[in-house]
Amino acid sequence: MLEELKNLYSMFLKLQKVFQKLNVDEKTKFGDKDGEFDKIVNKINPLVHMILENDYRKLKIKEPDIPKFTNYQIGDIQLIFFYNPESQTKLINAFSRDLLQKDARVVIGDKSYPYSPYVLLNKSALAYGANIDFEVIKESFNQFDPFVSELFPITNDFCLRCINAYDISNNIKLLELAEHIYNKYPVDAPGKNVTSEFIVVTINRLQIKLRKEGRLSDEEYQQLINLRNFSKDNLEAQFCTSVLLESKTEAKLIFQRFEKSRQKFYEGLPIYHLYKKLIE
C-alpha cells in the first residue's frame with residue numbers, strides 16, 4: 001500500500017511537469033464524479049510517458065499518417081495537442097509559438113490563402129481545452145485578412161463556433177476572441193455598403209455584446225431597427241434582429257415560416273440559444 005502511494009505521488013509530480021509544459025493551471029480540477037479516480041489515473045500514466053519521455057506506444061489516433069490537432073481527455077478536461085507523425089516529438093502543445101510560425105493555408109478552388117491553423121479546433125476543444133492560449137489564437141488571426149470575400153464564410157463559421165462554445169462553458173475569453181476577429185471587418189459609415197456580410201457581422205457583434213453585458217444600448221437597438229427595415233426581404237435577418245430586439249412574438253412567427261431544414265440549421269447557431277431563452 002505504501003509503495004502504491006509513493007508511485008501515485010510520483011505520477012502526480014510528473015503530471016505537474018506536464019501541466020507546466022502546457023501552461024495549464026495546476027489547480028485545474030479533473031472532475032469529482034464517483035468511480036472516476038481510477039479512470040483518471042489510467043489516463044495520466046500514458047500522458048506522462050508521451051510528453052516527458054516521447055513514449056507513444058499507447059497513443060491511439062485516427063489516420064496516424066496525417067498531421068492534425070488532437071484532444072486528450074482526462075476527466076472533465078481536454079488537453080489539445082498538435083500531432084506530427086514525422087517528428088520525433090509527435091505531440092506538442094497546440095499553442096506553441098513554434099506552431100504559430102508555420103505557414104498554415106486553406107485551399108479554395110485553385111487558390112490557397114494564409115489562414116489560422118486554429119480554425120480546425122472543434123466546439124468541444126474550444127469549450128473545454130485546459131491549455132488553450134487565446135492570445136496565441138488572436139495573434140494567428142493578426143497575420144492575414146480573415147475577411148477577404150473568399151475567407152468570409154470560414155472566418156464567420158469559426159466565430160460562431162466560439163460563441164457556441166461560450167454558451168456551454170461560460171468562458172468569456174471565447175466571446176473576446178470572436179469579438180477580436182469580427183473587429184477586423186471593415187465597417188463603413190452607416191447607410192453605405194450594407195452587404196449581406198455587413199448584416200451578418202453586425203448581428204453577431206451585437207449578440208456577443210448581449211451575452212457579455214446583458215443588454216444593448218439605445219443606439220444599438222436603433223441600429224437593429226434600421227437593419228431590420230433595410231432587410232425586409234431577408235427573412236433570416238428579420239428573425240435575428242427580432243431576437244436581439246427581444247420581439248418574442250415576431251421572432252416566433254418568423255421562425256415558423258422557415259422550412260424545416262432551415263429551422264434545423266438555425267438550431268445549431270448561437271442566435272437560436274438566445275431565441276430559446278426569449279420564448280421560454
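This is a short tutorial dialogue on reading helices, strands and loops in a predicted model.

Student: Let us begin with a helix. How many residues does helix H2 have, and what does it reach from its first C-alpha to its last?

Tutor: Helix H2 covers residues 37–53, which is 17 residues. It reaches 24 Å from first C-alpha to last, close to the 24 Å expected at 1.5 Å a residue.

Student: Which residues in H2 are buried?

Tutor: Start with the general idea. An α-helix has 3.6 residues a turn, so residues three or four places apart point the same way. Now the case here. The buried residues of H2 are Ile 40, Val 41, Ile 44, Pro 46, Leu 47, Val 48, Met 50 and Ile 51.

Student: What covers the buried residues of H2?

Tutor: The cover includes helix H1 (2–22) and strands E1 (68–74), E2 (77–83) and E3 (91–93).

Student: Take the helix pair next. At what angle do the axes of H1 and H2 cross?

Tutor: Two packed helices are described by the angle between their axes and the distance between the axes. The axes of H1 and H2 cross at roughly 60° and come within 9 Å. That angle makes H1 oblique to H2. The crossing of H1 and H2 is left-handed.

Student: Which residues in H1 meet H2?

Tutor: On the H1 side they are Leu 8, Met 11, Phe 12, Lys 14, Leu 15, Lys 17, Val 18 and Lys 21. Their counterparts in H2 include Phe 37, Val 41, Ile 44, Leu 47, Val 48 and Ile 51. Val 41 thus appears twice in our reading: it is buried in H2, and it belongs to the set that H1 meets.

Student: Now the sheet. What order do the three strands have?

Tutor: Strands of a sheet pair through backbone hydrogen bonds, either parallel or antiparallel. Here the order is E1-E2-E3, in an open sheet with antiparallel pairing. E1 and E3 stand at the edges with a single partner strand each, so one side of each has no neighbour in the sheet. Neighbouring strands of this sheet are turned by 45° against each other on average, direction ignored.

Student: How many bridges join E1 to E2?

Tutor: Seven bridges join this antiparallel pair. As one pair to find, Phe 69 has Phe 82 in E2 as its bridge partner.

Student: Where does H1 lie, and which strands does H2 touch?

Tutor: H1 lies across E2 and E3, at about 65° to E2. H2 packs on the sheet and touches E1, E2 and E3. The direction of H2 makes about 140° with that of E1.

Student: There is also a hairpin. Which residue there takes a positive phi?

Tutor: Look at strands E4 (residues 105–108) and E5 (residues 111–114), which run antiparallel and are joined by four bridges. Ile 108 stands opposite Lys 111 in E5. Two residues lie between the strands, and Gly 109 takes a positive phi near 65°.

Student: Which residue other than glycine has a positive phi near 55°?

Tutor: Asn 54, with phi near 55°. Asn 54 comes just after H2, in the loop between H2 and E1. Its relative accessible area is 30%, so Asn 54 is partly exposed.

Student: And Asn 170: what is its phi, and where is its place?

Tutor: Asn 170 has a positive phi of about 60° although it is not a glycine. Its loop runs between helix H6 (152–169) and helix H7 (172–182). With a relative accessible area of 59%, Asn 170 is exposed.

Key: Residues numbered from 1 in each chain as written. Predicted model: local features only at pLDDT ≥ 70, side-chain atom pairs only at ≥ 80, totals over all residues. Heavy atoms only, no water. Pairing = 2+ DSSP bridges. Expected span 1.5 Å × (residues − 1). Buried < 20%, exposed > 50% of the residue type's maximum accessible area, 1.4 Å probe, protein only. Contact = heavy atoms within 4.5 Å. Axes fitted to C-alpha atoms, helices over the stretch in contact; angles between N-to-C directions. Parallel < 35°, antiparallel > 145°, perpendicular 65-115°, else oblique. Left-handed = near helix turned anticlockwise from the far one by under 90°.
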